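Please read the following report alongside the sequence and the three-dimensional structure. It covers metal sites and helix packing.

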Amino acid sequence: MTDLTPISFATTDIEAIATHKGRIALLVTPKADFDGPTAEVDTLTGGALARMVAGEAFGKLKPGDAITLAYPGGMAAEAVEVFSLPADATVAQQRRAGGIMGKNRGKADLLVFAQDTACAAQMAYGAAMRDYDFQDHKTGGDPRAGKITVMTAKPKAAEAEAAPLLAVAEGAFMTRDLVNAPANVLTTDAFAAQLAEMSSLGLKVEVLEEDELAKLGMRALLCVGQGSDSPSKVVVMRWEGGKKDAAPLALVGKGVVFDTGGISLKPAAGMEDMTMDMGGAGVVSGVMRALARRKAKANVVGLVGLVENMPSGNATRPGDVVASMKGDTVEVINTDAEGRLVLCDVMWYAQERFKPVGMIDLATLTGAIIIGLGHDNAGVFSNDDAFCDAFLTAAKAEDEGAWRMPLGKGYDEMLKSRVADMKNVGGRPAGSITAAQFLQRFVKEETPWIHLDIAGVASLKTETPLAPKGATGWGVAALNRLVADNYEG
Ligand code: BES
Ligand code: MN
Ligand code: ZN
(Lines give C-alpha, C1' and ligand atoms only; values in the text may rest on other atoms or scores of the structure.)
(Ligands and ions follow the chains in the order given, each with its own letter.)
Protein backbone atom coordinates (compact mmCIF):
# COMPACT_ATOMS: atom_id res chain seq x y z
CA MET A 1 0.00 0.00 0.00
CA THR A 2 1.12 3.55 -0.63
CA ASP A 3 2.37 4.81 2.73
CA LEU A 4 1.38 8.12 4.24
CA THR A 5 4.27 10.57 4.35
CA PRO A 6 5.61 10.44 7.92
CA ILE A 7 4.21 13.38 9.90
CA SER A 8 5.44 14.35 13.34
CA PHE A 9 4.55 17.17 15.71
CA ALA A 10 7.08 19.22 17.67
CA THR A 11 7.22 22.30 19.90
CA THR A 12 7.72 25.50 17.93
CA ASP A 13 11.45 26.14 17.57
CA ILE A 14 12.25 29.51 16.03
CA GLU A 15 15.95 28.59 15.73
CA ALA A 16 15.10 25.89 13.19
CA ILE A 17 13.96 28.48 10.65
CA ALA A 18 17.44 29.68 9.69
CA THR A 19 18.96 26.22 9.31
CA HIS A 20 16.15 23.98 7.90
CA LYS A 21 17.27 22.77 4.48
CA GLY A 22 13.98 21.69 2.91
CA ARG A 23 10.78 23.71 2.58
CA ILE A 24 9.08 25.83 5.22
CA ALA A 25 5.36 26.59 5.37
CA LEU A 26 4.41 29.78 7.13
CA LEU A 27 0.95 31.12 7.95
CA VAL A 28 0.26 34.81 7.72
CA THR A 29 -2.92 36.24 9.20
CA PRO A 30 -3.94 39.12 6.93
CA LYS A 31 -3.58 42.52 8.65
CA ALA A 32 -2.06 41.06 11.84
CA ASP A 33 1.47 41.91 13.04
CA PHE A 34 4.26 39.41 12.53
CA ASP A 35 5.17 37.30 15.52
CA GLY A 36 7.35 34.27 16.27
CA PRO A 37 8.05 32.43 12.99
CA THR A 38 6.85 35.21 10.66
CA ALA A 39 8.96 37.83 12.47
CA GLU A 40 11.97 35.50 12.29
CA VAL A 41 11.61 34.91 8.52
CA ASP A 42 11.17 38.62 7.95
CA THR A 43 14.32 39.40 9.93
CA LEU A 44 16.39 36.67 8.25
CA THR A 45 15.33 37.74 4.76
CA GLY A 46 15.92 41.43 5.38
CA GLY A 47 12.25 42.34 5.17
CA ALA A 48 11.31 40.27 2.10
CA LEU A 49 8.31 38.77 3.89
CA ALA A 50 6.92 42.19 4.80
CA ARG A 51 7.30 43.33 1.18
CA MET A 52 5.53 40.20 -0.07
CA VAL A 53 2.66 40.54 2.36
CA ALA A 54 2.23 44.23 1.54
CA GLY A 55 2.13 43.46 -2.19
CA GLU A 56 -0.92 43.22 -4.43
CA ALA A 57 -0.55 39.50 -5.23
CA PHE A 58 -0.60 38.48 -1.59
CA GLY A 59 -3.63 40.68 -0.94
CA LYS A 60 -5.50 38.81 -3.68
CA LEU A 61 -4.84 35.32 -2.28
CA LYS A 62 -7.85 33.26 -1.30
CA PRO A 63 -7.75 31.96 2.28
CA GLY A 64 -5.54 28.88 2.30
CA ASP A 65 -3.58 29.84 -0.83
CA ALA A 66 0.14 30.63 -0.87
CA ILE A 67 2.97 32.46 -2.61
CA THR A 68 6.37 30.79 -2.68
CA LEU A 69 9.54 32.64 -1.71
CA ALA A 70 12.23 30.59 -3.47
CA TYR A 71 15.80 30.23 -2.17
CA PRO A 72 15.38 33.06 0.35
CA GLY A 73 18.56 34.92 1.24
CA GLY A 74 19.67 34.55 4.86
CA MET A 75 18.13 31.07 5.15
CA ALA A 76 19.19 27.52 4.30
CA ALA A 77 15.69 26.54 3.04
CA GLU A 78 14.98 25.91 -0.63
CA ALA A 79 11.67 27.72 -0.29
CA VAL A 80 9.29 29.36 2.14
CA GLU A 81 5.62 28.98 1.26
CA VAL A 82 3.68 31.88 2.67
CA PHE A 83 0.00 31.12 3.23
CA SER A 84 -2.74 33.65 3.69
CA LEU A 85 -4.93 32.17 6.39
CA PRO A 86 -7.31 34.15 8.60
CA ALA A 87 -7.39 33.33 12.31
CA ASP A 88 -11.00 32.11 11.90
CA ALA A 89 -10.21 29.97 8.84
CA THR A 90 -12.63 27.15 8.07
CA VAL A 91 -11.56 23.51 8.27
CA ALA A 92 -11.78 23.36 4.46
CA GLN A 93 -9.38 26.34 4.17
CA GLN A 94 -6.94 24.81 6.64
CA ARG A 95 -7.02 21.51 4.74
CA ARG A 96 -6.62 23.31 1.43
CA ALA A 97 -3.48 25.00 2.77
CA GLY A 98 -2.20 21.61 3.91
CA GLY A 99 -3.02 20.24 0.46
CA ILE A 100 -0.82 22.83 -1.22
CA MET A 101 2.02 22.00 1.19
CA GLY A 102 1.62 18.32 0.43
CA LYS A 103 1.55 18.88 -3.33
CA ASN A 104 4.59 21.16 -3.44
CA ARG A 105 6.69 19.16 -1.00
CA GLY A 106 8.30 16.97 -3.65
CA LYS A 107 11.08 15.00 -1.95
CA ALA A 108 11.94 17.79 0.46
CA ASP A 109 11.53 17.71 4.23
CA LEU A 110 8.72 20.10 5.06
CA LEU A 111 8.65 22.18 8.23
CA VAL A 112 5.23 23.68 9.00
CA PHE A 113 4.58 26.44 11.52
CA ALA A 114 0.97 26.07 12.59
CA GLN A 115 -1.28 28.46 14.46
CA ASP A 116 -3.37 26.55 16.99
CA THR A 117 -3.78 22.86 17.69
CA ALA A 118 -6.84 22.35 15.48
CA CYS A 119 -5.19 24.13 12.57
CA ALA A 120 -2.07 21.97 12.98
CA ALA A 121 -4.16 18.79 12.84
CA GLN A 122 -6.28 19.87 9.85
CA MET A 123 -3.25 21.04 7.86
CA ALA A 124 -1.55 17.73 8.60
CA TYR A 125 -4.61 15.93 7.23
CA GLY A 126 -4.67 18.10 4.09
CA ALA A 127 -0.95 17.58 3.50
CA ALA A 128 -1.21 13.83 4.05
CA MET A 129 -4.17 13.47 1.66
CA ARG A 130 -2.60 15.49 -1.17
CA ASP A 131 0.87 13.96 -0.78
CA TYR A 132 -0.20 10.77 -2.60
CA ASP A 133 1.51 9.33 -5.64
CA PHE A 134 0.61 5.97 -7.19
CA GLN A 135 4.05 4.48 -7.84
CA ASP A 136 3.29 0.75 -7.83
CA HIS A 137 4.05 0.31 -11.52
CA LYS A 138 6.76 2.90 -12.12
CA THR A 139 10.33 1.76 -12.24
CA GLY A 140 13.07 4.02 -10.91
CA GLY A 141 13.58 5.96 -7.70
CA ASP A 142 10.93 6.55 -5.08
CA PRO A 143 9.94 10.23 -5.31
CA ARG A 144 8.22 9.93 -1.95
CA ALA A 145 11.28 10.55 0.19
CA GLY A 146 11.22 13.11 2.99
CA LYS A 147 9.01 13.87 5.95
CA ILE A 148 6.73 16.52 7.39
CA THR A 149 7.21 18.18 10.78
CA VAL A 150 4.45 20.37 12.17
CA MET A 151 5.57 22.82 14.83
CA THR A 152 2.99 24.17 17.23
CA ALA A 153 2.64 25.24 20.88
CA LYS A 154 1.01 21.96 22.00
CA PRO A 155 2.43 19.16 19.83
CA LYS A 156 1.00 16.34 21.97
CA ALA A 157 -2.51 17.76 21.68
CA ALA A 158 -2.10 18.30 17.94
CA GLU A 159 -0.85 14.77 17.46
CA ALA A 160 -3.85 13.40 19.36
CA GLU A 161 -6.24 15.50 17.28
CA ALA A 162 -4.56 14.46 14.04
CA ALA A 163 -4.51 10.73 14.77
CA PRO A 164 -8.12 9.92 13.77
CA LEU A 165 -7.78 12.20 10.74
CA LEU A 166 -4.67 10.37 9.60
CA ALA A 167 -6.57 7.10 10.03
CA VAL A 168 -9.04 8.45 7.47
CA ALA A 169 -6.17 9.46 5.18
CA GLU A 170 -4.80 5.93 5.42
CA GLY A 171 -8.21 4.55 4.52
CA ALA A 172 -8.44 6.92 1.55
CA PHE A 173 -4.96 5.83 0.40
CA MET A 174 -6.11 2.22 0.44
CA THR A 175 -9.17 3.15 -1.63
CA ARG A 176 -7.02 5.08 -4.11
CA ASP A 177 -4.51 2.26 -4.47
CA LEU A 178 -7.32 -0.21 -5.14
CA VAL A 179 -9.07 2.08 -7.63
CA ASN A 180 -5.83 2.97 -9.44
CA ALA A 181 -4.66 -0.64 -9.69
CA PRO A 182 -4.84 -2.25 -13.15
CA ALA A 183 -7.19 -5.20 -13.56
CA ASN A 184 -4.46 -7.72 -14.40
CA VAL A 185 -2.95 -6.96 -10.98
CA LEU A 186 -6.08 -6.39 -8.90
CA THR A 187 -7.89 -9.61 -9.75
CA THR A 188 -10.74 -10.82 -7.57
CA ASP A 189 -8.22 -13.12 -5.83
CA ALA A 190 -5.73 -10.32 -5.17
CA PHE A 191 -8.48 -8.00 -3.94
CA ALA A 192 -9.82 -10.59 -1.50
CA ALA A 193 -6.30 -11.37 -0.29
CA GLN A 194 -5.69 -7.69 0.50
CA LEU A 195 -8.90 -7.52 2.47
CA ALA A 196 -8.08 -10.72 4.34
CA GLU A 197 -4.83 -9.06 5.46
CA MET A 198 -6.87 -6.43 7.28
CA SER A 199 -7.65 -9.01 9.96
CA SER A 200 -4.33 -7.89 11.47
CA LEU A 201 -6.06 -4.58 12.28
CA GLY A 202 -8.76 -6.33 14.31
CA LEU A 203 -11.33 -6.71 11.53
CA LYS A 204 -13.10 -10.06 11.17
CA VAL A 205 -12.76 -10.92 7.50
CA GLU A 206 -14.49 -13.79 5.67
CA VAL A 207 -14.12 -14.63 1.99
CA LEU A 208 -17.13 -16.43 0.47
CA GLU A 209 -16.17 -18.46 -2.62
CA GLU A 210 -18.30 -19.39 -5.65
CA ASP A 211 -19.58 -22.69 -4.25
CA GLU A 212 -20.86 -20.95 -1.10
CA LEU A 213 -22.39 -18.13 -3.15
CA ALA A 214 -24.16 -20.74 -5.28
CA LYS A 215 -25.49 -22.43 -2.15
CA LEU A 216 -26.80 -19.07 -0.94
CA GLY A 217 -28.55 -18.65 -4.29
CA MET A 218 -26.64 -15.60 -5.49
CA ARG A 219 -27.32 -16.36 -9.15
CA ALA A 220 -27.54 -12.69 -10.13
CA LEU A 221 -24.05 -11.96 -8.81
CA LEU A 222 -22.60 -15.17 -10.20
CA CYS A 223 -24.01 -14.60 -13.69
CA VAL A 224 -21.86 -11.45 -13.99
CA GLY A 225 -18.58 -13.24 -13.28
CA GLN A 226 -19.26 -16.45 -15.16
CA GLY A 227 -17.51 -15.29 -18.35
CA SER A 228 -14.28 -14.55 -16.50
CA ASP A 229 -11.43 -16.85 -15.50
CA SER A 230 -11.28 -15.00 -12.18
CA PRO A 231 -13.60 -16.49 -9.56
CA SER A 232 -16.39 -14.35 -8.13
CA LYS A 233 -16.26 -13.68 -4.39
CA VAL A 234 -18.05 -11.87 -1.61
CA VAL A 235 -15.89 -10.53 1.21
CA VAL A 236 -17.41 -9.67 4.59
CA MET A 237 -15.47 -7.37 6.93
CA ARG A 238 -16.81 -6.83 10.43
CA TRP A 239 -15.67 -4.09 12.79
CA GLU A 240 -17.16 -4.66 16.23
CA GLY A 241 -16.12 -1.62 18.24
CA GLY A 242 -19.60 -0.85 19.58
CA LYS A 243 -22.00 -2.42 22.06
CA LYS A 244 -22.09 -6.19 22.04
CA ASP A 245 -24.95 -7.53 19.91
CA ALA A 246 -25.99 -4.05 18.70
CA ALA A 247 -27.06 -4.25 15.05
CA PRO A 248 -24.42 -2.87 12.71
CA LEU A 249 -24.46 -0.29 9.97
CA ALA A 250 -23.92 -2.14 6.67
CA LEU A 251 -21.79 -0.81 3.82
CA VAL A 252 -22.07 -2.66 0.51
CA GLY A 253 -19.70 -2.08 -2.41
CA LYS A 254 -19.74 -2.91 -6.13
CA GLY A 255 -16.41 -4.56 -6.88
CA VAL A 256 -16.31 -5.16 -10.64
CA VAL A 257 -12.54 -5.42 -11.06
CA PHE A 258 -12.99 -4.84 -14.79
CA ASP A 259 -16.13 -4.07 -16.75
CA THR A 260 -15.88 -4.88 -20.46
CA GLY A 261 -19.66 -4.79 -20.64
CA GLY A 262 -19.69 -8.55 -21.24
CA ILE A 263 -21.50 -9.74 -24.38
CA SER A 264 -23.05 -6.24 -24.55
CA LEU A 265 -19.45 -5.15 -25.12
CA LYS A 266 -18.43 -1.56 -24.44
CA PRO A 267 -16.76 0.48 -27.20
CA ALA A 268 -12.93 0.33 -27.17
CA ALA A 269 -12.37 4.06 -26.60
CA GLY A 270 -12.02 4.70 -22.89
CA MET A 271 -12.65 1.10 -21.88
CA GLU A 272 -9.41 1.20 -19.87
CA ASP A 273 -11.19 3.45 -17.38
CA MET A 274 -13.25 0.46 -16.30
CA THR A 275 -10.37 -0.64 -14.06
CA MET A 276 -12.06 1.70 -11.58
CA ASP A 277 -15.37 -0.17 -11.66
CA MET A 278 -14.59 -1.62 -8.24
CA GLY A 279 -14.69 1.90 -6.78
CA GLY A 280 -17.61 1.16 -4.46
CA ALA A 281 -15.82 -1.84 -3.00
CA GLY A 282 -12.69 0.31 -2.76
CA VAL A 283 -14.47 2.91 -0.64
CA VAL A 284 -16.04 0.26 1.62
CA SER A 285 -12.57 -1.25 2.14
CA GLY A 286 -11.02 2.15 2.91
CA VAL A 287 -13.74 3.05 5.40
CA MET A 288 -13.33 -0.27 7.21
CA ARG A 289 -9.60 0.37 7.41
CA ALA A 290 -10.12 3.88 8.79
CA LEU A 291 -12.61 2.62 11.41
CA ALA A 292 -10.21 -0.10 12.52
CA ARG A 293 -7.24 2.27 12.56
CA ARG A 294 -8.98 4.74 14.83
CA LYS A 295 -10.73 2.02 16.83
CA ALA A 296 -14.20 3.42 16.22
CA LYS A 297 -16.75 2.69 18.95
CA ALA A 298 -19.34 1.39 16.51
CA ASN A 299 -20.43 -1.84 14.84
CA VAL A 300 -20.02 -1.63 11.08
CA VAL A 301 -20.02 -4.42 8.55
CA GLY A 302 -18.56 -3.97 5.07
CA LEU A 303 -19.52 -6.34 2.27
CA VAL A 304 -18.08 -6.30 -1.23
CA GLY A 305 -19.05 -8.30 -4.31
CA LEU A 306 -15.93 -9.00 -6.35
CA VAL A 307 -16.44 -10.07 -9.96
CA GLU A 308 -15.04 -9.49 -13.43
CA ASN A 309 -17.43 -8.78 -16.32
CA MET A 310 -15.97 -10.49 -19.41
CA PRO A 311 -17.36 -11.86 -22.68
CA SER A 312 -16.71 -15.55 -23.34
CA GLY A 313 -18.40 -18.73 -24.51
CA ASN A 314 -19.65 -19.13 -20.97
CA ALA A 315 -20.74 -15.55 -20.41
CA THR A 316 -24.30 -14.47 -19.63
CA ARG A 317 -26.23 -13.52 -22.80
CA PRO A 318 -28.72 -10.70 -23.31
CA GLY A 319 -32.12 -12.29 -22.75
CA ASP A 320 -30.93 -14.75 -20.12
CA VAL A 321 -33.08 -14.97 -17.00
CA VAL A 322 -31.48 -15.44 -13.58
CA ALA A 323 -32.91 -15.88 -10.10
CA SER A 324 -31.59 -13.62 -7.33
CA MET A 325 -30.94 -14.74 -3.76
CA LYS A 326 -34.15 -12.96 -2.77
CA GLY A 327 -35.99 -15.20 -5.23
CA ASP A 328 -37.06 -12.53 -7.71
CA THR A 329 -36.09 -13.29 -11.31
CA VAL A 330 -34.26 -10.88 -13.59
CA GLU A 331 -34.20 -10.75 -17.37
CA VAL A 332 -30.71 -9.60 -18.34
CA ILE A 333 -31.42 -7.27 -21.26
CA ASN A 334 -27.96 -5.71 -21.21
CA THR A 335 -24.95 -7.49 -19.71
CA ASP A 336 -23.31 -4.08 -19.23
CA ALA A 337 -25.85 -3.24 -16.52
CA GLU A 338 -24.00 -5.69 -14.27
CA GLY A 339 -23.38 -3.64 -11.12
CA ARG A 340 -27.00 -3.87 -9.98
CA LEU A 341 -26.91 -7.66 -10.45
CA VAL A 342 -23.92 -7.87 -8.13
CA LEU A 343 -25.31 -5.46 -5.55
CA CYS A 344 -28.83 -6.92 -5.34
CA ASP A 345 -27.54 -10.24 -4.02
CA VAL A 346 -24.97 -8.75 -1.62
CA MET A 347 -27.55 -6.28 -0.29
CA TRP A 348 -30.07 -9.06 0.28
CA TYR A 349 -27.45 -11.18 2.01
CA ALA A 350 -26.40 -8.23 4.21
CA GLN A 351 -29.99 -7.71 5.39
CA GLU A 352 -30.76 -11.41 5.92
CA ARG A 353 -27.60 -12.04 7.92
CA PHE A 354 -27.00 -8.81 9.84
CA LYS A 355 -30.42 -7.07 10.12
CA PRO A 356 -28.51 -3.75 9.91
CA VAL A 357 -29.73 -0.47 11.45
CA GLY A 358 -29.05 1.06 8.06
CA MET A 359 -27.53 0.04 4.75
CA ILE A 360 -25.48 2.14 2.36
CA ASP A 361 -24.41 0.80 -1.00
CA LEU A 362 -21.71 2.42 -3.10
CA ALA A 363 -21.18 1.78 -6.80
CA THR A 364 -19.74 3.20 -9.98
CA LEU A 365 -23.16 2.26 -11.28
CA THR A 366 -24.16 4.44 -14.22
CA GLY A 367 -22.67 6.69 -16.88
CA ALA A 368 -25.97 8.56 -16.64
CA ILE A 369 -25.06 10.00 -13.23
CA ILE A 370 -22.07 11.71 -14.90
CA ILE A 371 -24.44 13.23 -17.46
CA GLY A 372 -26.66 14.44 -14.63
CA LEU A 373 -24.18 15.62 -12.01
CA GLY A 374 -20.76 15.69 -13.67
CA HIS A 375 -17.75 15.06 -11.47
CA ASP A 376 -18.56 17.36 -8.54
CA ASN A 377 -21.28 15.35 -6.85
CA ALA A 378 -22.14 11.73 -6.26
CA GLY A 379 -25.78 10.78 -6.74
CA VAL A 380 -27.60 10.06 -3.47
CA PHE A 381 -30.81 7.98 -3.41
CA SER A 382 -32.65 7.03 -0.25
CA ASN A 383 -35.85 5.62 1.20
CA ASP A 384 -35.35 7.44 4.55
CA ASP A 385 -35.12 11.23 4.91
CA ALA A 386 -33.45 11.30 8.33
CA PHE A 387 -30.80 8.77 7.34
CA CYS A 388 -30.19 10.57 4.07
CA ASP A 389 -29.90 13.97 5.78
CA ALA A 390 -27.36 12.55 8.24
CA PHE A 391 -25.24 11.40 5.31
CA LEU A 392 -25.59 14.68 3.40
CA THR A 393 -24.55 16.59 6.55
CA ALA A 394 -21.46 14.41 6.94
CA ALA A 395 -20.55 14.77 3.26
CA LYS A 396 -20.91 18.55 3.44
CA ALA A 397 -18.70 18.76 6.54
CA GLU A 398 -16.02 16.78 4.70
CA ASP A 399 -16.42 18.82 1.51
CA GLU A 400 -17.31 15.72 -0.50
CA GLY A 401 -19.96 16.58 -3.09
CA ALA A 402 -23.24 14.69 -2.77
CA TRP A 403 -26.63 15.51 -4.26
CA ARG A 404 -29.94 13.80 -3.57
CA MET A 405 -31.87 12.37 -6.51
CA PRO A 406 -35.51 11.22 -6.60
CA LEU A 407 -37.06 7.76 -6.52
CA GLY A 408 -40.65 6.97 -7.50
CA LYS A 409 -43.16 4.42 -8.70
CA GLY A 410 -43.13 5.71 -12.27
CA TYR A 411 -39.43 4.96 -12.57
CA ASP A 412 -39.91 1.54 -11.03
CA GLU A 413 -42.46 0.63 -13.68
CA MET A 414 -39.83 1.08 -16.36
CA LEU A 415 -38.26 -2.17 -15.12
CA LYS A 416 -41.24 -4.39 -16.06
CA SER A 417 -40.26 -7.49 -18.01
CA ARG A 418 -42.45 -9.66 -20.24
CA VAL A 419 -40.78 -12.90 -19.15
CA ALA A 420 -39.35 -12.31 -15.65
CA ASP A 421 -40.12 -10.31 -12.47
CA MET A 422 -38.02 -7.43 -13.76
CA LYS A 423 -35.45 -6.55 -16.37
CA ASN A 424 -32.06 -5.13 -15.54
CA VAL A 425 -32.37 -1.88 -17.54
CA GLY A 426 -35.11 0.71 -17.77
CA GLY A 427 -34.17 2.37 -21.04
CA ARG A 428 -32.38 5.68 -21.77
CA PRO A 429 -34.41 8.15 -19.69
CA ALA A 430 -33.41 8.57 -16.03
CA GLY A 431 -30.80 5.81 -16.25
CA SER A 432 -29.35 6.44 -12.78
CA ILE A 433 -32.78 6.50 -11.17
CA THR A 434 -34.01 3.27 -12.77
CA ALA A 435 -30.73 1.66 -11.61
CA ALA A 436 -31.50 2.84 -8.06
CA GLN A 437 -35.09 1.59 -8.42
CA PHE A 438 -33.75 -1.81 -9.37
CA LEU A 439 -31.67 -1.86 -6.17
CA GLN A 440 -34.60 -0.70 -4.06
CA ARG A 441 -36.49 -3.86 -5.01
CA PHE A 442 -33.92 -5.65 -2.86
CA VAL A 443 -34.24 -3.33 0.15
CA LYS A 444 -36.56 -4.54 2.90
CA GLU A 445 -39.38 -2.27 4.05
CA GLU A 446 -37.76 -1.81 7.47
CA THR A 447 -34.21 -1.10 6.29
CA PRO A 448 -33.16 2.57 6.06
CA TRP A 449 -31.11 2.65 2.87
CA ILE A 450 -28.89 4.98 0.89
CA HIS A 451 -27.52 4.27 -2.58
CA LEU A 452 -24.48 6.29 -3.66
CA ASP A 453 -23.74 6.34 -7.40
CA ILE A 454 -20.07 7.34 -7.43
CA ALA A 455 -19.32 6.83 -11.16
CA GLY A 456 -18.52 10.54 -11.55
CA VAL A 457 -16.44 11.07 -8.42
CA ALA A 458 -14.38 7.92 -7.81
CA SER A 459 -11.62 8.82 -10.27
CA LEU A 460 -10.92 12.15 -11.98
CA LYS A 461 -8.82 13.35 -14.91
CA THR A 462 -7.99 16.54 -12.98
CA GLU A 463 -6.45 17.10 -9.57
CA THR A 464 -8.39 18.49 -6.61
CA PRO A 465 -7.18 20.35 -3.48
CA LEU A 466 -6.75 17.06 -1.62
CA ALA A 467 -5.98 14.54 -4.39
CA PRO A 468 -3.82 14.26 -7.49
CA LYS A 469 -5.29 13.04 -10.80
CA GLY A 470 -6.80 9.57 -10.68
CA ALA A 471 -8.55 7.87 -7.79
CA THR A 472 -9.93 10.35 -5.24
CA GLY A 473 -10.98 8.24 -2.27
CA TRP A 474 -14.30 10.13 -2.35
CA GLY A 475 -16.60 8.98 0.44
CA VAL A 476 -14.10 7.59 2.93
CA ALA A 477 -14.11 10.80 4.96
CA ALA A 478 -17.89 11.33 4.72
CA LEU A 479 -18.76 7.77 5.75
CA ASN A 480 -16.21 7.84 8.55
CA ARG A 481 -17.82 11.03 9.83
CA LEU A 482 -21.32 9.59 9.45
CA VAL A 483 -20.23 6.76 11.74
CA ALA A 484 -18.44 9.08 14.20
CA ASP A 485 -21.34 11.53 14.48
CA ASN A 486 -24.25 9.06 14.56
CA TYR A 487 -23.20 5.59 15.67
CA GLU A 488 -20.58 6.11 18.39
CA GLY A 489 -21.09 6.78 22.09
N1 BES B 1 -19.53 0.62 -14.78
C2 BES B 1 -20.51 1.18 -15.61
C3 BES B 1 -20.86 2.62 -15.25
C4 BES B 1 -19.77 3.63 -15.39
C5 BES B 1 -19.69 4.43 -16.52
C6 BES B 1 -18.88 3.84 -14.36
C7 BES B 1 -18.70 5.39 -16.62
C8 BES B 1 -17.88 4.80 -14.48
C9 BES B 1 -17.80 5.57 -15.60
C10 BES B 1 -21.79 0.36 -15.53
O11 BES B 1 -21.62 -0.99 -15.26
C12 BES B 1 -22.45 0.46 -16.85
O13 BES B 1 -21.90 -0.02 -17.80
N14 BES B 1 -23.62 1.08 -16.88
C15 BES B 1 -24.34 1.24 -18.07
C16 BES B 1 -25.78 0.90 -17.79
C17 BES B 1 -26.63 0.77 -19.03
C18 BES B 1 -26.22 -0.42 -19.83
C19 BES B 1 -28.07 0.67 -18.61
C20 BES B 1 -24.19 2.68 -18.52
O21 BES B 1 -24.14 3.55 -17.67
O22 BES B 1 -24.11 2.91 -19.72
MN1 MN C 1 -21.29 -2.10 -17.05
ZN1 ZN D 1 -19.90 -1.50 -14.27
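## The zinc site

The donor residues of the zinc ion (ligand 3) follow the sequence spacing K-x4-D-x17-D-x60-E, where donors are N, O and S atoms within 2.8 Å of the metal (3.2 Å for Na, K and Ca), and sites may look incomplete because water is not among the atoms. D259 in strand 9 (residues 249-259) and E338 in the loop between strand 12 (329-331) and helix 12 (339-354) lie 79 residues apart in sequence, so the pair ties these parts together; helices (H or I, at least four residues) and strands (E, at least two) are DSSP runs numbered from the N terminus. This is a predicted model, in which local features need pLDDT of at least 70 and side-chain atom pairs count only at pLDDT 80 or more, while totals for chains, interfaces and linings use all residues. Residues are numbered from 1 along each chain as its sequence is written, chains are lettered from A and ligands numbered from 1 in the order in which they are written, and side-chain values use heavy atoms, with hydrogens and water left out.

The protein donors of the zinc ion (ligand 3) are K254 (NZ), D259 (OD), D277 (OD) and E338 (OE), at 2.0 to 2.4 Å from the metal. The site of the zinc ion (ligand 3) is octahedral, with angles of 78 to 173° among its six donor atoms. Four donors count as tetrahedral if all angles lie between 85 and 135 degrees; four count as square planar and six as octahedral if opposite donors are over 155 degrees apart and all others between 65 and 115; anything else is irregular.

## The manganese site

The manganese ion (ligand 2) takes its protein donors from D259 (OD), D336 (O), D336 (OD) and E338 (OE), which lie 2.0 to 2.2 Å from the metal. Its six donor atoms subtend angles of 70 to 167°, which makes the arrangement irregular. In sequence, the donor residues of the manganese ion (ligand 2) are spaced D-x76-D-x1-E.

The manganese ion (ligand 2) and the zinc ion (ligand 3) are 3.2 Å apart, with D259 coordinating both.

## Helix 11 and its two partners

The axes of helix 7 (residues 155-180) and helix 11 (residues 279-293) come within 7 Å and cross at roughly 155°; axes are lines fitted to C-alpha atoms, for helices over the stretch in contact, and angles run from 0 to 180 degrees between N-to-C directions. Helix 7 and helix 11 are therefore roughly antiparallel to each other, given that angles under 35 degrees count as roughly parallel, over 145 as roughly antiparallel, 65 to 115 as roughly perpendicular and the rest as oblique.

The axes of helix 11 and helix 17 (residues 476-486) come within 9 Å and cross at roughly 50°, which makes helix 11 oblique to helix 17. Their contact (heavy atoms within 4.5 Å) is made by V283, G286, V287, A290 and L291 of helix 11 and V476, L479, N480 and V483 of helix 17.

## Helix 12 against helix 16

Helix 12 and helix 16 (residues 431-440) pack at an angle of about 30°, with their axes 9 Å apart, and helix 12 is therefore roughly parallel to helix 16. In this pair, R340, L341, L343, C344 and M347 of helix 12 meet A435, F438 and L439 of helix 16.
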